[in-house]
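Please look through the sequence and the model first, and then read the points below beside them. They are meant as a colleague's notes on charged pairs and on backbone angles.

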Amino acid sequence: MVPLIRSRQLVVVAPVDPSKLELGDIVLARVAGTVYLHLVSSLDPTRRRVQISNNRGRVNGWTGHDRVFGICVAVDGVARSGAAGKTLAAPESQP
């Protein structure tokens with residue numbers, strides 16, 4: 001994901017509501033059995049899926065909302081613009 005995210009940079013990922021994703025968001029998603037950080041390059045809300053790519057223009061394919069686990073909210077302590085308001089609320093703890 002260079003230059004957006006360089007090797008060994010600390011990233012913070014939060015659970016995401018996939019229906020709120022926009023082009024350019026960085027998401028943690030499962031593709032072909034492996035979980036990666038990817039760039040959202042296209043949206044298909046009707047079929048509940050997103051197209052993910054690297055930041056060099058290579059399209060990796062489509063993945064369903066059920067395979068998008070989180071959104072990158074910060075890189076090395078710097079908040080990613082656009083991530084606010086897309087995260088899911090933490091579940092309430094049971095006593």
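1. A salt bridge here is a side-chain nitrogen of Lys or Arg within 4 Å of a carboxyl oxygen of Asp or Glu. Side chains of opposite charge can pair when their charged atoms come close. By this rule, the count for the structure comes to three salt bridges.

2. Before going through them, please keep in mind that this is a predicted model, in which local features need pLDDT of at least 70 and side-chain atom pairs count only at pLDDT 80 or more, while totals for chains, interfaces and linings use all residues. Residues are numbered from 1 along each chain as its sequence is written, and side-chain values use heavy atoms, with hydrogens and water left out.

3. One of the salt bridges joins D44 and R49, whose closest N and O atoms are 2.9 Å apart. D44 counts as buried, at 15% relative accessibility, where buried means under 20% relative accessible area, exposed means over 50%, and partly exposed lies in between (1.4 Å probe, protein chains only).

4. Which side chain meets K86 in a salt bridge of 2.8 Å, N to O, and lies in the loop between β1 and β2? D25 is such a partner of K86, and because K86 lies in the segment after β7 while D25 lies in the loop between β1 and β2, the pair ties together parts that are 61 residues apart in sequence. Strands such as these are DSSP runs (E, at least two residues), numbered from the N terminus. Both K86 and D25 are buried.

5. K86 also meets the side chain of E22 in a salt bridge, again with 2.8 Å from N to O. E22 sits in the loop between β1 (11-15) and β2 (26-31) and K86 in the segment after β7 (78-79), so this pair links parts that are 64 residues apart in sequence. K86 has a relative accessibility of 4%, whereas E22 is partly exposed, with a relative accessible area of 44%.

6. How are E22, D25 and K86 joined? Salt bridges that share partners bring E22, D25 and K86 into one network.

7. Turning to the backbone, A32 has a positive phi of about 50° although it is not a glycine. A32 lies in the loop between β2 and β3 (34-44), and at 77% relative accessibility A32 counts as exposed.

8. D76 likewise is not a glycine and has a positive phi of about 50°. D76 is found in the loop between β6 (68-75) and β7, where D76 counts as partly exposed at 44% relative accessibility.

How values were computed. Helices (H or I, at least four residues) and strands (E, at least two) are DSSP runs, numbered from the N terminus.
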